[in-house]
Amino acid sequence: MAAEKGDINTIIGGIAPDWGPFGSLGNEARVMIEVVMAVAILLCLGIAIWGAAKQRIGATALRDTFSAEQGKGLIIAGLTGVFIIGSLGTLFTIVYGMAV
């Protein structure tokens, strides 16, 4: 009976971020925030790729275990940064919704 009252858009619409406290910003400010976040994601992906190259070169060509370990750390840091930045919109919306 509960399924008859709503549809999937109701469920998905409740999860999707709606900019929360930033909802009153103008379009230019939203685009600027999105550009900054996109640049940060590209930077984090670049760090992860650099770490992968460093790990590969250190592990095989140079037999340098320190470089390989540094590469692993860079991969983890880069991918963690991508995840965190990609989740910021949802996290802000959840925190703002809990505060209201």
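A helix here is a DSSP run of H or I that covers at least four residues, and helices are numbered from the N terminus. With that in hand, L43 can be placed: it lies in helix α3. The model shown is predicted.

Start with the overall fold. The protein has four helices and zero strands. Read from the N terminus, the elements run α-α-α-α. Two of these helices carry the details below. Helix α3 takes in residues 27-61. Helix α4 takes in residues 65-99.

Next, look at the surface and the contacts. The protein has 100 residues, and 14% of them count as buried. Its accessible surface comes to about 7500 Å². Carbon and sulfur atoms account for 72% of that area. Now take the contacts with a separation of 6 or more. Of these, 56% join residues that are 24 or more positions apart.

The UniProt record adds an annotation. An unreviewed entry lists residues 31-53 and residues 74-99 under "transmembrane region". In the model, the span 31-53 is 100% helix and 0% strand. The C-alpha atoms at its two ends lie 33 Å apart.

Now follow helix α3. V31 lies in this helix. V31 is also the residue at which the record's span 31-53 begins. Together with V35 and V39, V31 makes a nonpolar surface patch of about 240 Å². Is V31 buried, exposed or partly exposed? Its relative accessibility is 46%, so V31 counts as partly exposed. Patch residues must have over 30% relative accessible area, so V31 passes that cut-off.

Further along helix α3 comes L43. L43 counts as exposed because its relative accessibility is 57%, and the cut-off for exposed is over 50%. L43 can also be placed against G78. These two residues are 35 apart along the chain. Their C-alpha atoms are separated by 8.1 Å.

Move on to helix α4. T65 lies in this helix, and residue 65 is where the helix starts. T65 has a relative accessibility of 62% and therefore counts as exposed. How far apart in space are T65 and Q55, C-alpha to C-alpha? The distance is 8.5 Å, for two residues 10 apart in sequence.

A few residues on is the salt bridge. The structure holds one. The side chains of E69 and K72 form it, with an N to O distance of 3.4 Å. Why can this pair be described in terms of a helical turn? E69 and K72 are three residues apart in helix α4, so about one helical turn separates them. Both partners fall in the middle class of exposure. E69 has a relative accessible area of 48%, so this residue is partly exposed. K72 has 38%, so this residue is partly exposed as well.

Between E69 and K72 in the numbering sits G71, which also lies in helix α4. G71 has 0% relative accessibility and so counts as buried. Which residues does G71 contact, once its neighbours within four places in sequence are left aside? They are G51, K54 and Q55. The C-alpha atoms of G71 and K54 are separated by 5.0 Å, although the two residues are 17 apart along the chain. Q55 thus appears twice in this account: as a contact of G71, and as the residue set against T65 above.

End at S87, another residue of helix α4. S87 also falls within the record's span 74-99. Its relative accessibility is 16%, so S87 counts as buried; the cut-off for that class is under 20%. A polar atom of the S87 side chain lies 2.8 Å from the backbone oxygen of F83.

Terms used: Residues numbered from 1 in each chain as written. Predicted model: local features only at pLDDT ≥ 70, side-chain atom pairs only at ≥ 80, totals over all residues. Heavy atoms only, no water. Patch = residues over 30% accessible without salt bridge, like charges linked within 9 Å, V, L, I, M, F, W, Y side chains within 5 Å. Areas by Shrake-Rupley, 256 points an atom, 1.4 Å probe, with all protein chains shown as cover. Salt bridge = Lys/Arg side-chain N within 4 Å of Asp/Glu carboxyl O. Buried < 20%, exposed > 50% of the residue type's maximum accessible area, 1.4 Å probe, protein only. Contact = heavy atoms within 4.5 Å. UniProt positions renumbered as here; feature names shortened; annotations may be inferred. Polar contact = N/O pair within 3.5 Å; in protein donor to acceptor, adjacent residues only side chain to side chain.
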